[in-house]
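Reader: I'd like to go through this one with you and ask where some of the labels come from. Can you show me what we're looking at?

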Amino acid sequence: MPQYILSRLVLLFVMALLATLVIFLLANMVPGDPVLAQLGDLAASNKEFVAEWRAKWGLDLPLWQRYLIFLQQLSHGDLGISIASQRPVLQDVRDFAPATLELASVSFALSLIVGIPLGIMAAVRRDSWIDHLARLISLIGVSSPTFWLAFILLAVFYGGLQIAPGPGRIDSIGLPPPSVTGLYLLDSALAGDWATFRDAAAHLVLPSIVLAAATLGLITRTTRASMLECMQQDYVRVARAKGLRSRRIVIGHILPNALIPIVTLGGLAYANLLTGAVLTETIFSWPGLGRYTFRSAVSLDFPAIMGITLIVAVVYLIINLVIDVSYALLDPRVVR
Amino acid sequence: MADRLGWIDRRRLLQLLGVTGGALAANLPSRVFAQARKNTLVLGIDISDTITLDPARLAQYTSPMTVSAAYDSLVTMKPGDYINLSPSLATKWARTPDGKGWRFTLREGVKFSTGNPMTVEDVKWSFDRIINLGDQPSQYIANVDRVEIVDKSTIDIILKQPAEPLLTIIAAPEFVVLERKVAEANGASAAKDAKTADKAAQWINTNSCGTGAYRIAAWERNQQIQLVRNEHYWGGKPPFERIVIRHISDGAAQLLAVRRGDIDAAFNLIPEQIASLKGDANVRLAPLASLDFVYMALTQEPEFNKALAVKEARQAIGYAIDYDGIIKSMLGGAALRPAHFLPIGVSGSTEEIARQIGFKQDLARAKDLLAKAGFKDGFEFEISYGNAAVQGVTYQDLGLKIQSDLARVGIKVNLRPLDQVNLRTEYTTGKSKGGVLTFWNPPAVENQLWAAAVVQRVAKRVHWTTPEDIVKLVSQAATEADPKKQAELWVEWQKQAVDQANHFVLFQPVYQIAVRNTVKDFPLTAAGWMLDLHDVTPSAS
């Protein structure tokens, strides 16, 4: 097992580097000049000023040299300075990642907690009203566009019924908890500030529902399909013949086998939630990585784009690794 | 089989599904903040462009509002008057005896938010820092040679070209006074090597050391900026204990928030959202006149387009565009249109003058001009634009409108959407092969900044070799001391620029800000910092 993990880690490192190389080349094929995009009109027309700024980010150097510099900085744990925010990319990421991590994790938990039981019941009581309800929920979740769902929920629960808080992570005049992890729920709990905890939790409800919607649908459907497949297996028939209670058959025999594809799906879905929250973050004014990534991309902010690509690649690869390892644990045949 | 496996009953299922709803209900936003809210002003605005709150590094659109609340400049402009200056930290100003610069008399008894008195040294140091940091604001005062202390309440700013304008430029929030002692203690430097020696950016972004009505207490990127009352403010006790500039990127979310009273003002509403507010007794609309404008630049490089190289053909475009239609039907009337690059409200530019000397739709004349240019049956050119919107109107929609207008005189427009970075790169490097739809707001309210842009850098972008005369006219107008004569010169300049027909100003937005009636005075300004935050007051009730 350790050897298995080690070989995967080496592969992870190589893959991450390859990802940065691909993104570096792609980003450089776009003809725009990120410096001109950042400067005011007067400064953008001042050749010396532009040259000075270009030199500041090494944009005047040949492509290969720039990539080598990137690698060299990387070896010191430095992702460079963002052109747009003019701060170290790592610092930007540190500022924006917690908001996304918190939102994505809550959404992920939500889609598992609701999706798996719903999928199980839909399978167990196939063609009953629960199955239809589950189908409806997943259909709505998968097919409603994020921006639409986000806005409808805001308009109904915040604007109309006034039972949910508005956009943002906390109330407009509330102060964030003292920063330890950057995750407001955790930080406020650590500080024992329960008013802020409740406020932050309430602010998470709508965006996490929006973000979870699609994943929830997917998990429900996959769980159902996988359960149904397992229910046809001989060992289920044997278990039933032995006179086991239905509940034990479902939990002890069907579920563990049915969950294997969910592990893969869940892992990838989590990675997706972490990186794909741009629209949700925009509508809910969520100060997360999604917005930052989007802005970096549209302003051709090379250092930020490279840094984020690397981080996203690593996140995906780590999650894949976790999936593979848990596969190995769930199904001993994999390692053999 | 389904029945036999029924290990969960209906009630438990509903409980499970109810978790989400329960969470929603259990966390009703508490009203514990109600009391705090009374003394707090909350503004809802998209501040994602804010990358620094350091006055000497300022270059963005929304950050000047915050900076102008925390710091003061020597002179300022009152909302509605963008020609005459008002005193701020300086009470009097006049030319220096030798005529080479300006002499300022500082206000007495001004204190920083620390309680320490403001001195001439602070003023000089602040200007030195801008110049030596060499960031974008230094470009606007490139004409400043040096700052000299005369005595403890008098300071001179000596210019390289004494006749060139200064006062209107230094009224902008880039040119404010910082408390030297505090700034230096936090890493700031005004020395010659400030470019590398100044390490204050981080501190200055989340704190402030000015004389303004409020003090910056926190800035969480893409979340909010917090300002607290400056107890030592020279202009009397500021009315709010706290101001929160809340980042809400989406207009629809701003609308919901201002309706509910979670924010006191919403800055980024589009016309449809504004229309939906009519009839809401708690919210009023305040017009924010601006000195920004959206324009189309047109190349005259024959290699790019033979027709566009002919002046009459470009003028035909000018007479074919339905400007009133753009303003009335696309912007709901909430816009002005100057004749050329001098927005309505500055010297030499009024709506009346614009009507007299600017382009207006006249299809017959456009056709005549086309015939004169030798393109009786029209011609073809491309219009490039970015994926953005101003005042809720996308460049795409503007392009479509112009396309259909020009089709009426036989000119065929090919629309060419681009991402903003490419558009800007193409445009600023003079590679645009037709028209470009874009936007401009100058860093300060000084006619010269607009006019010089046209004859210098923008001229290069459209491949216009500007005649000596018009370049001379700009400096003549900018340095004219008599206001009446100056206005006349600016009118003359606009006439010549209009005739050249390579820039068409499409509209000058009048943004509609939704303000709740919890706020009494809300002095919006076109001068570049949007709102005089120090003069915002709460309603009596």
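Reader: What makes the crossing of α9(A) and α10(A) left-handed?

Author: Bear in mind that this is a predicted model. The label is about the sense of turn: the near helix is turned anticlockwise from the far one by less than a right angle, and the crossing of α9(A) and α10(A) is left-handed in that sense.

Reader: And how do you know how α9(A) and α10(A) run relative to each other?

Author: The axes of α9 (residues 184-191) and α10 (residues 194-231) of chain A come within 8 Å and cross at roughly 165°. Angles over 145 degrees count as roughly antiparallel, so α9(A) is roughly antiparallel to α10(A).

Reader: Which residues make the contact?

Author: On the α9(A) side there are A:Y184, A:L185, A:S188 and A:A189, and α10(A) brings A:W194, A:T196, A:F197, A:A200, A:A201 and A:L204. By class that gives 8 nonpolar, 2 polar and no charged residues.

Reader: Over to chain B. Why is B:D156 called buried?

Author: Its relative accessibility is 5%, and buried means under 20%, so B:D156 counts as buried. B:D156 sits in strand β7 (residues 154-159) of chain B.

Reader: What does the side chain of B:D156 make a polar contact with?

Author: With the side chain of B:R103, at 2.7 Å. The cut-off for an N or O pair is 3.5 Å, so 2.7 Å passes. Beyond four places in sequence, the residues in contact with B:D156 include B:T96, B:W102, B:R146 and B:V150.

Reader: What makes helix α17 of chain B mostly covered?

Author: Of its 9 residues (420-428), 7 are buried. They are B:V421, B:N422, B:L423, B:T425, B:E426, B:Y427 and B:T428.

Reader: And which residue caps the N-terminal end of α17(B)?

Author: That's B:D419, with a side-chain oxygen 3.2 Å from the backbone nitrogen of B:V421. Just after α17(B), B:G430 takes a positive phi of about 70°.

Reader: B:G430 is a glycine, fair enough. What makes the phi of A:L300 worth a remark?

Author: Most residues other than glycine have a negative phi. A:L300 has a positive one, near 55°. A:L300 is in the loop between α14 (289-298) and α15 (302-330) of chain A. With a relative accessible area of 5%, set against the 20% limit, A:L300 is buried.

Reader: What is the phi of B:M530?

Author: Positive, at about 65°, although B:M530 is not a glycine. B:M530 is in the segment after β20 (503-516) of chain B. Its relative accessibility is 9%, so B:M530 counts as buried.

Reader: How do you know whether B:A452 is buried or exposed?

Author: The number to use is its relative accessible area of 13%. Under 20% means buried, so B:A452 is buried. B:A452 is in helix α18 (residues 447-455) of chain B, and it touches B:R457 and B:V474, leaving out residues up to four places away in sequence.

Reader: Last one: why does B:I327 count as buried?

Author: Because its relative accessibility is 11%, which is under 20%. B:I327 belongs to helix α13 (residues 323-331) of chain B. B:I327 and B:P509 are 182 residues apart in sequence, yet their C-alpha atoms are 9.1 Å apart. Among the residues B:I327 touches are B:L336, B:L506 and B:F507.

How values were computed: Residues are numbered from 1 along each chain as its sequence is written. Chains are lettered from A and ligands numbered from 1 in the order in which they are written. This is a predicted model: local features need pLDDT of at least 70, side-chain atom pairs count only at pLDDT 80 or more; totals for chains, interfaces and linings use all residues. Side-chain values use heavy atoms; hydrogens and water are left out. Axes are lines fitted to C-alpha atoms, for helices over the stretch in contact, and angles run from 0 to 180 degrees between N-to-C directions. Helices (H or I, at least four residues) and strands (E, at least two) are DSSP runs, numbered from the N terminus. Angles under 35 degrees count as roughly parallel, over 145 as roughly antiparallel, 65 to 115 as roughly perpendicular and the rest as oblique. Contact means heavy atoms within 4.5 Å. Ala, Val, Leu, Ile, Met, Phe, Trp, Tyr, Cys and Pro count as nonpolar, Asp, Glu, Lys and Arg as charged, and the others, Gly among them, as polar. Buried means under 20% relative accessible area, exposed over 50%, partly exposed in between (1.4 Å probe, protein chains only). A polar contact is a pair of N or O atoms within 3.5 Å; within protein, one must be able to donate a hydrogen and the other to accept it, and residues adjacent in sequence count only if both atoms are side-chain atoms.
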